[in-house]
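My notebook is open and I have a fresh model to look through. I will jot down each thing I look up, in the order I come to it.

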Amino acid sequence: MAEAATDSHEQGAPLKKTPLYAAHIARGGKLVPFAGYELPVQYAEGVLKEHLWTREHAGLFDVSHMGQGRLRGVAPLAAFEEVVPGDFIGLKPGKQKYSVLLNRTGGIIDDLMASRPDDDGLFVVVNGACKENDFKVIDAELAGQVTIERYEDRALVALQGPEAAAVLAAHAPEVAQMVFMDTRWVKAFGEELIVSRSGYTGEDGFEISIPGHAAERIWNTLLEDERVKPIGLGARDSLRLEAGLPLYGHDLDETVSPVEAGLTFAINKNRREQRDFPGAARIAKELAEGPARKCVALKVLEGAPAREGAEISDETGAVIGIVTSGGYSPVLKCGIAIGFAPPSACEPGGKLNVIVRGKTQACEVVKLPFVPHRYVRKVGG
Amino acid sequence: MRFTKDHEWVEVDGDVATVGITAYAAEQLGDVVFVETPDVGKAVKAGDGFAVVESVKAASDVYAPVSGEVVEANGALGDAPETVNAAPEAAGWFAKVKLANPSELDALMDRPAYEAYLQTL
């Protein structure tokens, strides 16, 4: 028996450890290389149970490999708009926004969260595997307009699931007043934390930026609550896939535009009219005429789960696309996949196939997300 | 029962070998969510991939420990792939192979040898 490689990253450089490395070992985490770090792919209970626990209770994730930084300048919000298609001038203090860093042809360099926990410029969180390049691009493109302070000494953890809010509010009552995409400084556990009500599982929850020296203590304190279990990268991936959230390096890359990726919500109306972001010509054309390929969501009706790289065929048997993320859905108990195909084939309700190890398997085209999001959009709601 | 370094087991009855993956392999895989067993009648060669077992996170090949013809596949795994975790070395068997070359069994480990091998991993 031999396991296929599930992750590819640059080889050679020594792997880094997050401030929670010892905590992962202590809890039986199975460590694997990911984005240049040693991170737990799972703990003792395994991916399936960790996944379902997060959907039913609260899961705690170490995402300290992600890049955290602060952009400051005379007009940092206006400057940031030069590299992303979102309305950041209109971003109010206390709010966070998802966006994409674009190259000059409208391809995605990375996807990111940018927020204003205070009046001090922008706090950005980018993907771990992309962070060196992202900050280099931002620094080069916005030279003279912003300075970047990397928060390399801060850990980042995500607390996700229907019980996350009650768990965190026991230590920081004010978080109960936050709604989805709110962000603020919170004093809790004797530390200054940046808390946002967001995450990448489709569940309600929080992402918490913690001074590195306090990370292990806060991690262990949160885990003292019996509603909370530590969750590894394996379940993080299956959770985000069920939630229909794209993963950089798989569903997104420098050739894929936000229109193709189904991220048009991240291109705000005023920016569409201004057309003043990188690759605006391509993106405006795709918005007007439709892109050549589009993100398609497939529910595999029979056979094996389709994984990244599996071909997508239409009812005539012609190969029309490829799976970019796929796996087994613990909630739906079947294979689910996202990939790219011509827009005419991407209408929900349509029939397509995936080809897995030479076998053609029927799929239904569905609307994302596969499993409904449960974000809290109003307090008490 | 005899074992391979790739964590398959074989139990021989007459000239038919029942094949599965070991408890160690099932534990390493985690929760099995899909199993692809070989078609009956298929000729397999020792060392070739002849079945696939999938966890939430990945697909893994299962190699034929012996050469021969597949005479039966465990159809129950289609609806209950979790049997591989629950009873890997019993009800979670994958397929039965009619031995083409029984001497291949000599190259496989017995249980004490396999358990000693696991200690080296």
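Which residue takes a positive phi in the hairpin of strand 6 of chain A and strand 7 of chain A? I looked it up, bearing in mind that this is a predicted model. The residue is Gly106(A), with a phi near 80°, and five residues lie between the two strands.

**Entry: around strand 7 of chain A**

I stayed with this hairpin and checked its pairing. Strand 6 (residues 96-102) and strand 7 of chain A run antiparallel and are joined by seven bridges. One pair I noted is Val100(A), whose bridge partner in strand 7 is Asp111(A).

On its other pairing, strand 7 meets strand 8 of chain A, again in the antiparallel sense, over four bridges. Here I found Ala114(A) opposite Val124(A) of strand 8. These two strands also form a hairpin, with six residues between them, and Gly121(A) in that turn has a positive phi of about 65°.

Is strand 7 of chain A mostly covered or mostly open? It is mostly covered, as eight of its eight residues are buried.

The loop after it reads otherwise. Asp119(A) sits in the loop between strand 7 (108-115) and strand 8 (122-126) of chain A. I count Asp119(A) as exposed because it has 6 C-beta neighbours inside 10 Å, and the cut-off for exposed is 12 or fewer.

I also took a distance from this loop residue to Glu242(A). The two are 123 residues apart along the chain, and their C-alpha atoms are separated by 35 Å.

**Entry: helix 7 of chain A**

Glu242(A) led me to helix 7, where it is one of the buried residues. How many of the ten residues of this helix are buried? Nine of them are, so to speak for the record: helix 7 is mostly covered. Among the buried ones I listed Leu233(A), Ala235(A), Arg236(A), Asp237(A), Leu239(A) and Leu241(A).

What do they pack against? I found strand 2 (30-34), strand 3 (37-42), helix 2, strand 4 (58-62), strand 17 and strand 18 (334-341) of chain A. After the helix comes Gly244(A), which has a positive phi near 70°.

**Entry: the two domains of chain A**

The domain assignment splits chain A into domain 1 (1-291) and domain 2 (292-366). Over C-alpha atoms, I get 27 Å between their centres. Where they touch, 16 residues of domain 1 are in contact with 16 residues of domain 2.

Helix 7 turns up again here: helix 2 and helix 7 are the elements that give two or more residues to the domain 1 side. The largest share, four residues, comes from helix 2. By class, I wrote down six nonpolar, six polar and four charged residues for that side.

**Entry: where chain A meets chain B**

Next I looked between the chains, where 20 residues of chain A are in contact with 21 residues of chain B. On the chain A side, the elements giving two or more residues are strand 1 (2-3), helix 2 (47-56), helix 7 (233-242) and strand 17 (319-329). That side has nine nonpolar, seven polar and four charged residues.

I then asked for the largest nonpolar core. It has 128 residues, and those with the most contacts inside it include Val157(A), Leu159(A), Val296(A) and Val53(B). At least three of its residues come from each of domain 1 and domain 2 of chain A. I followed Leu159(A) further: leaving aside neighbours within four places in sequence, its contacts include Ala58(A), Leu60(A), Val167(A), Phe206(A) and Leu222(A).

**Entry: chain B**

Chain B has four helices and nine strands, and its elements run β-β-β-α-β-β-β-β-β-α-α-β-α from the N terminus. Its radius of gyration is 13 Å, which agrees with the value near 14 Å for a compact globule of 121 residues. Buried residues make up 45% of the chain.

Its opening strands drew me in. Strand 1 (residues 2-3) and strand 2 (residues 8-13) run antiparallel, joined by two bridges, while six bridges join strand 2 to strand 3 (residues 16-21), also antiparallel. Val10(B) in strand 2 stands opposite Arg2(B) and also opposite Val19(B) in strand 3. In the turns, His7(B) takes a positive phi near 75° in the first hairpin, and Gly14(B) has one of about 65° in the hairpin of strands 2 and 3.

Key. Residues numbered from 1 in each chain as written. Chains lettered and ligands numbered in written order. Predicted model: local features only at pLDDT ≥ 70, side-chain atom pairs only at ≥ 80, totals over all residues. Pairing = 2+ DSSP bridges. Rg over C-alpha atoms; globule rule 2.2 N^0.38 Å. Buried ≥ 20, exposed ≤ 12 C-beta atoms within 10 Å, placed from the backbone. Contact = placed C-beta atoms within 7 Å. Nonpolar A, V, L, I, M, F, W, Y, C, P; charged D, E, K, R; others polar. Core = buried A, V, L, I, M, F, W, Y, C linked by C-beta atoms within 7 Å. Domains from an automatic or database assignment.
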